[in-house]
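Me: I have a structure open and want to go through it piece by piece. Can you take short questions as they come up?

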Amino acid sequence: MELYETNQLKIYNSLNKSKEIFKPIVEGNVGMYVCGPTVYSNVHLGNVRTFMSFDLVFRYLKQLGYKVRYVRNITDAGHLENDADEGEDRIAKKARLEKIEPMEVVQRYTVDFHETLKKVNNLPPSIEPTATGHIVEQIEIIKDILDKGMAYEVNGSVYFDVLKYNETEHYGILSGRNIEDSIQNTRELDGQSEKKNPQDFALWKKAEEKHIMRWPSPWSDGFPGWHLECTAMSTKYLGETFDIHGGGMDLKFPHHECEIAQSKVKNKVNPVNYWMHANMLILNGQKMAKSTGNYILPNEIFTGENNILSKAFSPSATRFFMMQAHYRSVLDFSNDALEAAEKGYIKLMEALNKLDNIETGKESSINISDWKQRCYDAMNDDFNSPVLIANLFEAVKYINLLVEKKETISAPDFEELKNTMNTFVFDVLGLQNNSEQNACDKLNGVVEMLINMRKEARDNRDWALSDKIRDELASRGIQLKDGKEGTTFSIN
Ligand SMILES: [Zn+2]
């Protein structure tokens, strides 16, 4: 029996604006698609929060025993500077400014993205497809939408006809916008635009002569519109309708709205059963964003090289900071908040390190299975990590009292406490225990200190002391090796 059979998971569905009982299309299996990064710059902490939120979702679904296919794309073409299908392609622009190939830009920032997410201990998705690897599929979808009369071609570009779509469907179903308001609020087309209406969006753009990223199509040498890639890749790997689609709050409109419209025309079904949106990270009272310059890079936090924080913070402390907030809440980034999170993280790890010092007795003074269920209940309630953490700290208090022998625990309950702590702290929240590494660093420092003392002894021709240090270390399995560059050591 899998855990999902006894746990009722509820997910807040942005489409219906309510928490709903999660029921996957195929029992025991979950298909999840999350919009990935546009790889034209280093991933900033705001983006990382979004990907960490869905890492928590991925981890918990796996914990419940689901077989999850998690698809997260890489946008390596088609994302223009603004949402109105105007401006340069972000990657092509970076390539032009740095005088390198667009694919060099893509390679550099894809590597940075992977390295950063690895540092914060995000699990890799099951499939990570790229937009440029799916041009053929995107062209096929455009042909289909044209055949169904929901798009039109102008000078080699193809646009989705939003007003026509809205005659029979609701464009705005996810974001709650309605097209009449947007018609009133949008400026008139300036005559330069090829679109029939400002609400229309590009499925295919003809490349200008200087544009280096281009592919042949029935309409022109050009490139696909940004919204199309996600429809093409999610349909290809997860089917016409799949379970969960996630992304940052800012993608709701127009990106996800356009995805729904494309799928509804192409496949005549709703593409997604549960839409999930992660909230943003706030810095200096504003949304963290690359475009405004109001952001911090994860590496700047880990190295301490920044103007915002008083010191460096580890990836695990940073992850703990994120997990202390619910993914749908706005989270304020500040030095004080990080310091508080670091304290909490250390307290949690110290308690876990103490587990080995606990003696079991005949009876337990708290009900461990109740506590364990409360941990699951928290996560079953739309992945409520702050409530889960509050429950974990209840256990921390208990562990500390057990060490002081002020409480008691039976052997089977102790096993359950230990396993549940490990499950939620490491497997579900994805935290890592740095204290073992810290202890190791400290001991290395002690060996270095003894090596220096031995050198001083030798400089003073105190051979007895220098030999004693070497032999004592050797008897503990630490071998010293004298070389031209000084003395090094190895641990056997
Ligand atoms: Zn997307």
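Me: Which protein atoms are the donors of the zinc ion?
Reply: This is a predicted model. In it, the zinc ion has Cys35 (SG), Cys230 (SG) and His255 (NE2) as protein donors, at 2.0 to 2.2 Å.

Me: What spacing do the donors follow along the chain?
Reply: The spacing is C-x194-C-x24-H. Cysteine 230 belongs to helix α7 (residues 226-238) and histidine 255 to helix α8 (residues 252-267); the two are 25 residues apart, and the pair links distant parts of the chain.

Me: Cysteine 230 and histidine 255, buried or exposed?
Reply: Cysteine 230 and histidine 255 are both buried.

Me: OK, sheets. What is the strand order in the open sheet of four strands?
Reply: The order is β5-β6-β7-β8, and the pairing is antiparallel. At the edges are β5 (151-154) and β8 (222-224), each of which pairs on one side only. Ignoring direction, neighbouring strands of this sheet are turned by 20° against each other on average.

Me: How many bridges join β7 to β8?
Reply: Three bridges join them, with strand β7 covering residues 201-206 and running antiparallel to β8. Lysine 206 has glycine 222 in β8 as its bridge partner.

Me: Which helix lies across β5, β6, β7 and β8?
Reply: Helix α4 (residues 135-147) does, and its direction is at about 120° to β7.

Me: Staying on helix α4: which residue forms a salt bridge with glutamate 140?
Reply: Lysine 143 does, with the closest N and O atoms 3.1 Å apart. The two residues are three apart in helix α4, so about one helical turn separates them. Glutamate 140 is partly exposed at 43% relative accessible area, and lysine 143 is partly exposed at 34%.

Me: Now the other sheet, with three strands. How does the order go?
Reply: That open sheet runs β12-β11-β13, with mixed pairing. Since β12 (286-287) and β13 (331-333) are at the edges with a single partner strand each, one side of each has no neighbour in the sheet.

Me: In what sense do β11 and β12 pair?
Reply: Strand β11 (residues 281-283) pairs with β12 in the antiparallel sense, over two bridges. Isoleucine 282 has lysine 287 in β12 as its bridge partner.

Me: Which helix packs on the sheet there?
Reply: Helix α10 (residues 315-323) packs on the sheet and touches β11 and β13. Its direction makes about 145° with that of β13.

Me: Back to lysine 287. Which residue does it form a salt bridge with?
Reply: Aspartate 250, with the closest N and O atoms at 3.2 Å. Lysine 287 is in strand β12, while aspartate 250 is in the loop between β9 (242-248) and α8, so the salt bridge ties together parts 37 residues apart in sequence.

Me: Is that pair buried or exposed, or in between?
Reply: In between: lysine 287 is partly exposed at 34% relative accessibility, and aspartate 250 is partly exposed at 47%.

Me: How many salt bridges does the count come to?
Reply: The count is 25 salt bridges. One of them joins the side chains of glutamate 472 and arginine 476 at 2.9 Å, N to O. Glutamate 472 is partly exposed at 37%, whereas arginine 476 is exposed at 60%. There is also a network: Asp55, Arg59 and Arg319 are joined by salt bridges that share partners.

Me: Next topic, packing. How many residues are in the largest nonpolar core?
Reply: The largest nonpolar core has 90 residues, and those with the most contacts inside it are Leu61, Phe333, Phe383, Leu392, Leu417 and Met421. Helix α1 (residues 45-63) supplies the largest share, 10 residues.

Me: What is leucine 392 in contact with?
Reply: Apart from neighbours within four places in sequence, leucine 392 is in contact with Leu348, Trp371, Cys375, Met421, Phe424, Val425 and Leu429. Another core, of 36 residues, lies apart from the largest one, and Ile141, Ile142, Ala232 and Leu251 are among its members.

Me: Last one. Where is serine 410 found?
Reply: Serine 410 is in the loop between α13 (385-403) and α14 (411-428).

Me: Why does serine 410 count as buried?
Reply: Because its relative accessibility is 11%, and buried means under 20%. Leaving out residues up to four places away in sequence, serine 410 touches Thr360, Gly361, Lys362, Glu363 and Ser364.

Conventions:
Residues are numbered from 1 along each chain as its sequence is written. This is a predicted model: local features need pLDDT of at least 70, side-chain atom pairs count only at pLDDT 80 or more; totals for chains, interfaces and linings use all residues. Side-chain values use heavy atoms; hydrogens and water are left out. Two strands pair if DSSP finds at least two bridges between them. Contact means heavy atoms within 4.5 Å. Axes are lines fitted to C-alpha atoms, for helices over the stretch in contact, and angles run from 0 to 180 degrees between N-to-C directions. Buried means under 20% relative accessible area, exposed over 50%, partly exposed in between (1.4 Å probe, protein chains only). Donors are N, O and S atoms within 2.8 Å of the metal (3.2 Å for Na, K and Ca); water is not among the atoms, so sites may look incomplete. A nonpolar core is a set of buried Ala, Val, Leu, Ile, Met, Phe, Trp, Tyr and Cys residues joined through side-chain atoms within 4.5 Å. A salt bridge is a side-chain nitrogen of Lys or Arg within 4 Å of a carboxyl oxygen of Asp or Glu.
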